[in-house]
Every structure is written in structure tokens, then in C-alpha cells.
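Visitor: I am new to this structure and would like a friendly tour. Could you show it to me and then take my questions?

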Amino acid sequence: MRCAVQSVRRCGIPHWGRPVLATNGFAQRCGPGQEVRGMAHSDASSGCSGRAADKLQRGEPVAFNVEGQLASWKSLFEKPPLVVAGSFNPLHEGHLAMAEAARAKVEQVSGTRPGVLFEIAVKNADKGNINHQALADRVRQFRGKFPVVLSPFTLFVEKARAFAGCRFVVGYDTIVRILDHKYYTKEYSVSDVLRDVDACGCSFVVAGRNDADGTFRTWKHVRDPPKAYEHLFLPLEEADFAVNISSTEIRRKLAASTPGVGGL
């Protein structure tokens with residue numbers, strides 16, 4: 001791992017031990033390549049009640065295994081997983097395909113097939129907070145598919161400190177926002193953020209998307225990419241992943257087909 005000793009301490013990079021396989025079938029249902037360790041704990045089907053809400057209020061991430069039970073996210077993997085960040089409103093096949101494409105790409109370049117952890121930020125720098133019922137609904141979408149973590153972190157530098165050593169899987173639009181100077185100050189610039197992300201051993205897998213004019217936009221279309229930190233960005237090209245599904249369009253169709261519902 002690239003972190004210096006002081007960066008390891010600051011980022012809280014975990015020690016990834018050998019897995020202790022679950023005995024209740026979780027390991028078998030977790031999917032190929034998913035490395036599972038001892039799981040816990042109480043059922044958390046309500047998504048954001050009780051212990052979960054308390055942890056979020058304390059600024060701690062809250063993870064659920066594939067059975068919808070509370071768990072420590074570090075306990076679910078032998079090695080740092082891919083963290084697929086998004087709102088998942090709703091979760092759809094494009095998200096799942098992107099995760100698998102990113103997993104295949106990382107395996108291709110590293111020789112190791114990583115696990116996958118989906119991450120939902122309870123608030124968004126552009127969209128504000130998500131209410132508890134909506135969070136519970138979104139968590140339930142992942143049951144039987146992948147582990148999911150609710151995080152109180154708005155910025156990716158915060159996510160990097162919390163999920164040290166992980167690769168974040170993001171779409172083209174997200175990486176453009178991450179590199180947008182309007183979110184930063186002279187005292188803490190884009191380069192400063194990427195330096196800190198790098199120090200935490202984190203990086204990005206960038207999935208492309210089709211633009212309105214049909215252009216498939218990926219990392220090579222990013223304006224003025226930071227040359228000193230290009231090693232942090234692993235692009236998924238069109239041949240790797242090209243699924244044109246819009247969560248917004250899905251919500252619009254669902255609302256239109258449900259009498260008396262103006263949106264989800």
C-alpha cells in the first residue's frame with residue numbers, strides 16, 4: 001500500500017485478516033469473488049432505526065450484510081473492497097452491471113478479484129439529506145445481492161479516510177463533480193484533496209456514460225485532468241461497460257404508472 005506510516009495512522013487503514021466464513025449460508029449467497037468474514041449482528045430491516053440512526057448521528061458509517069443485518073463493513077471482506085458510491089434511487093441493473101464491470105477491470109489490472117460494497121451517503125453535497133424511510137427502502141433493495149453501507153460522508157476525501165485502501169467506483173458525472181473547482185477553496189484545492197485520497201491508499205474506477213448527442217464520455221473527456229494524480233483513475237471504456245439506464249427516468253415512469261403518486 002502506498003501510504004506512509006503517518007498517513008496510515010491518519011486514514012485508519014485496517015488490518016485485513018483471514019476470513020471466518022459465516023455458517024448460515026451468507027457466504028454461499030454473497031456472489032463470486034466476495035470474501036466474507038465473521039458477520040453480525042442484529043436484524044436491521046428498518047434500515048435506519050435504533051443503533052443505526054445513533055451511529056450515523058455520531059458520524060459513523062452503518063453497514064448491512066446481504067441478509068439485511070447490521071455488520072461492521074470491515075468484517076465482511078478479507079481485503080479492501082470496491083466501494084460503489086451512489087444514491088441508488090432506485091437500484092437498477094445498470095448499477096449492478098457497473099459493479100461487475102469494475103470488479104472485472106480491477107482483476108484484469110491487479111490479478112485480484114475484489115469484493116464489492118455499495119455505499120449510500122445519507123446526505124449529498126448537491127441534493128441535501130435523505131429521510132430515514134427512504135434510506136430504509138434503499139437498503140432493502142440490496143438484500144440478497146450485495147452488502148451496503150450508509151455513510152455520513154459528503155465529500156470523497158472524507159470517504160477515503162473512512163474507507164482507506166478501497167477503490168471507489170463512480171460514474172463520469174460524479175468524477176467531473178469531484179474535480180470541479182467550485183467545491184474547493186484556495187486553502188484546500190482539488191490537488192490537495194487528491195493528495196489526501198492518495199495518502200489513504202484510495203483511488204477511483206470511472207465508468208463512462210452516453211451523452212445526449214450519443215458520445216460515450218469517460219476519463220479521456222475530463223477537462224484538465226490532474227496530471228500528477230492520473231494514477232488514481234482507472235477508466236472503464238465503452239467495451240468494458242456501456243449501459244444507458246437512468247434512475248431519474250425510472251422514477252418518472254414509476255410515478256406516471258402509479259395513480260396519485262407524483263414522484264418517489
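Guide: Here are some questions and answers about this predicted model.

Visitor: How many helices and strands does the protein chain have?
Guide: Let's begin with the whole chain, where buried residues make up 48% of the 264 residues. Among contacts between residues at least 6 apart in sequence, 73% join residues at least 24 apart. As for its elements, the protein chain has nine helices and 12 strands.

Visitor: What distance lies between the end C-alpha atoms of helix H4, and why does it agree with the span the helix should have?
Guide: Helix H4 covers residues 93–110, which is 18 residues. The expected span is 1.5 Å times one less than the number of residues. That rule gives 26 Å for H4, so there is agreement with the distance between its end C-alpha atoms, 25 Å.

Visitor: Which residue follows H4, and what is its phi?
Guide: Within H4 itself, several residues are buried, among them Gly94, Leu96, Met98 and Val106. Just after the helix comes a residue with a positive phi. That residue is Gly111, with phi near 80 degrees.

Visitor: Where is the cis peptide bond that involves Pro90?
Guide: Look at the loop between strand S3 (82–85) and H4, where Pro90 has its place. The bond leading into Pro90 has omega near 5 degrees. This cis peptide bond runs from Asn89 to Pro90.

Visitor: Phe88 is not a glycine and has a positive phi; is Phe88 buried or exposed?
Guide: Phe88 is found in the loop between S3 and H4, and its phi is about 50 degrees. A residue counts as buried under 20% relative accessible area. Phe88 has a value of 2%, so it is buried.

Visitor: And Asp224, which also has a positive phi: buried or exposed?
Guide: Asp224 has a phi of about 45 degrees although it is not a glycine. Its place is the loop between strand S11 (216–217) and S12. The cut-off for exposed is over 50%, and with a relative accessible area of 73%, Asp224 is exposed.

Visitor: What kind of aromatic pair do Phe156 and Phe168 form?
Guide: A search of the whole structure finds 11 aromatic pairs, and this is one of them. Phe156 lies in helix H6 (residues 156–162) and Phe168 in strand S8 (residues 167–171), so the pair ties together parts that are 12 residues apart in sequence. Both residues are buried. Their ring centres are 5.5 Å apart with 85 degrees between the planes, and the pair is edge-to-face.

Visitor: What about the rings of Phe204 and Phe233: why does that pair get its name?
Guide: The ring centres are 5.4 Å apart, and planes under 30 degrees apart count as stacked. Here the planes are at 10 degrees, so the pair is stacked. It links distant parts of the chain, since Phe204 is in strand S9 (residues 203–207) and Phe233 in strand S12 (residues 233–236), 29 residues apart. At 1% relative accessibility Phe204 counts as buried, and at 6% so does Phe233, which completes the picture of a pair that is stacked.

Visitor: Which residues do ring pairs link into a cluster with Phe156?
Guide: Phe156 also has a charged neighbour, as the charged end of Lys159 sits over its ring, 5.2 Å from the centre. Through ring pairs, Phe156 is linked into a cluster with Phe168, Phe204, Trp219 and Phe233.

Visitor: Which residues of S9 are buried on each side?
Guide: In a regular strand the side chains alternate between the two faces of the sheet. S9 is mostly covered, with five of its five residues buried. On one side these are Ser203, Val205 and Ala207, and on the other Phe204 and Val206.

Visitor: In which sense do S9 and S12 pair, and over how many bridges?
Guide: S9 is joined to S8 by five bridges, and these two strands run parallel. Phe204 stands opposite Phe233 in S12. S9 and S12 pair in the parallel sense, over four bridges.

Visitor: Which residue's side chain makes a polar contact with the side chain of Ser151?
Guide: Ser151 lies in strand S7 (residues 148–151) and is buried, with a relative accessible area of 0%. Leaving aside neighbours within four places in sequence, its contacts include Leu56, Pro61, Lys159 and Phe163. The polar contact, at 2.4 Å, is with Glu119.

Key. Residues are numbered from 1 along each chain as its sequence is written. This is a predicted model: local features need pLDDT of at least 70, side-chain atom pairs count only at pLDDT 80 or more; totals for chains, interfaces and linings use all residues. Side-chain values use heavy atoms; hydrogens and water are left out. Buried means under 20% relative accessible area, exposed over 50%, partly exposed in between (1.4 Å probe, protein chains only). Rings of Phe, Tyr and Trp (its six-membered ring) pair if their centres lie within 6.5 Å; planes under 30 degrees apart count as stacked, over 60 as edge-to-face and the rest as tilted. A charge sits over a ring if NZ of Lys or CZ of Arg is within 6 Å of the ring centre and within 35 degrees of the ring normal. Two strands pair if DSSP finds at least two bridges between them. A polar contact is a pair of N or O atoms within 3.5 Å; within protein, one must be able to donate a hydrogen and the other to accept it, and residues adjacent in sequence count only if both atoms are side-chain atoms. Contact means heavy atoms within 4.5 Å.
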